[in-house]
Amino acid sequence: MLLALVGGCGFRPIYADGPAGQGGVAAELAATRVALIPERTGQLLRAALNQRLRNGAGAPAQNELQVAVSLTRQGVGVRGDDTASRVRVSAVANYTLTSLGSREPLVTGRAFAADAFNVMSNEYFASQLSGEAADERLTERLADDIVAQLAAFYARRAARTS
């Protein structure tokens with residue numbers, strides 16, 4: 001009953017198939033190729049993006065996503081010997097979606113994420129693992145944000161053409 005009411009007011013799930021056999025936003029996302037992103041954080045982000053875009057679905061690439069990511073670490077907790085006890089990590093990803101056919105940029109955007117981890121005083125490997133886990137959480141959040149922005153772009157573009 002509720003779905004019928006929501007559908008009557010023009011609401012349509014963003015990932016639903018398009019009209020008359022068109023693929024819709026999910027198909028557009030699957031047809032988006034992610035360019036290589038340098039460094040370890042870039043590799044993690046690219047893997048997370050490919051997973052969310054479902055690039056393995058076999059759709060031929062129509063667009064390419066280019067991403068530049070930067071990571072900043074800042075000590076926020078300081079011990080008496082001037083060593084950090086807590087580190088805040090922030091990441092910014094600037095992206096450009098380009099059409100493979102015309103090589104023209106379709107949309108640009110930015111995603112931001114922040115996290116923190118504790119630095120153990122005599123536990124180097126535990127601190128390193130905590131930092132790596134924070135990096136992974138950041139890339140997951142960035143990927144979620146970028147894919148949501150791309151889905152909104154594809155939905156707006158489909159609404160303009162229909």
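Which residue in β3 is the bridge partner of G75?

**View 1. Strand pairing around β2 in a predicted model.** The bridge partner of G75 is V87, a residue of β3. This bridge belongs to the pairing of β2 with strand β3 (residues 84–99), in which the two strands run antiparallel and are joined by 15 bridges. Strand β2 (residues 63–78) also pairs with strand β1 (residues 32–34), but here the sense is parallel and the pairing extends over 3 bridges. Within that parallel pairing, R33 is the residue that stands opposite E64 of β2. When following any of these strands by eye, it helps to remember that in a regular strand the side chains alternate between the two faces of the sheet.

**View 2. The surroundings of T32 in strand β1.** T32 counts as buried because its relative accessible area is 1%, which is under the 20% limit used for that word. Leaving aside residues up to four places away in sequence, T32 touches L53, N55, N63, L65, L97 and Y154.

**View 3. The largest nonpolar core and the contacts of L49.** This core holds 30 residues, and those that touch the most other members are L29, L45, L49, L65, V67, I146 and L150. Two or more residues are given to the core by each of α2 (24–30), α3 (39–53), β2, β3, β4 (105–118) and α4 (124–161), and the largest share, 10 residues, comes from α4. If residues up to four places away in sequence are not counted, L49 touches V34, I37, L65, V67, A143, I146 and V147. As background, in soluble globular proteins nonpolar side chains tend to be buried together.

**View 4. The aromatic pair of F153 and Y154.** The count of aromatic pairs comes to 1. In this pair, formed by F153 and Y154, the rings are 5.5 Å apart from centre to centre and their planes make an angle of 55°, so that the arrangement is called tilted, a word kept for angles that are neither under 30 degrees nor over 60. Both F153 and Y154 are buried.

**View 5. Positive phi values at E39 and R103.** E39 is not a glycine, although its phi is positive at about 70°, and this residue is found in helix α3. With a relative accessible area of 66%, E39 is exposed. R103, likewise a residue other than glycine, has a positive phi near 60° and is placed in the loop between β3 and β4. Because its relative accessibility is 46%, R103 counts as partly exposed.

Conventions:
Residues are numbered from 1 along each chain as its sequence is written. This is a predicted model: local features need pLDDT of at least 70, side-chain atom pairs count only at pLDDT 80 or more; totals for chains, interfaces and linings use all residues. Side-chain values use heavy atoms; hydrogens and water are left out. Two strands pair if DSSP finds at least two bridges between them. Helices (H or I, at least four residues) and strands (E, at least two) are DSSP runs, numbered from the N terminus. Rings of Phe, Tyr and Trp (its six-membered ring) pair if their centres lie within 6.5 Å; planes under 30 degrees apart count as stacked, over 60 as edge-to-face and the rest as tilted. Buried means under 20% relative accessible area, exposed over 50%, partly exposed in between (1.4 Å probe, protein chains only). A nonpolar core is a set of buried Ala, Val, Leu, Ile, Met, Phe, Trp, Tyr and Cys residues joined through side-chain atoms within 4.5 Å. Contact means heavy atoms within 4.5 Å.
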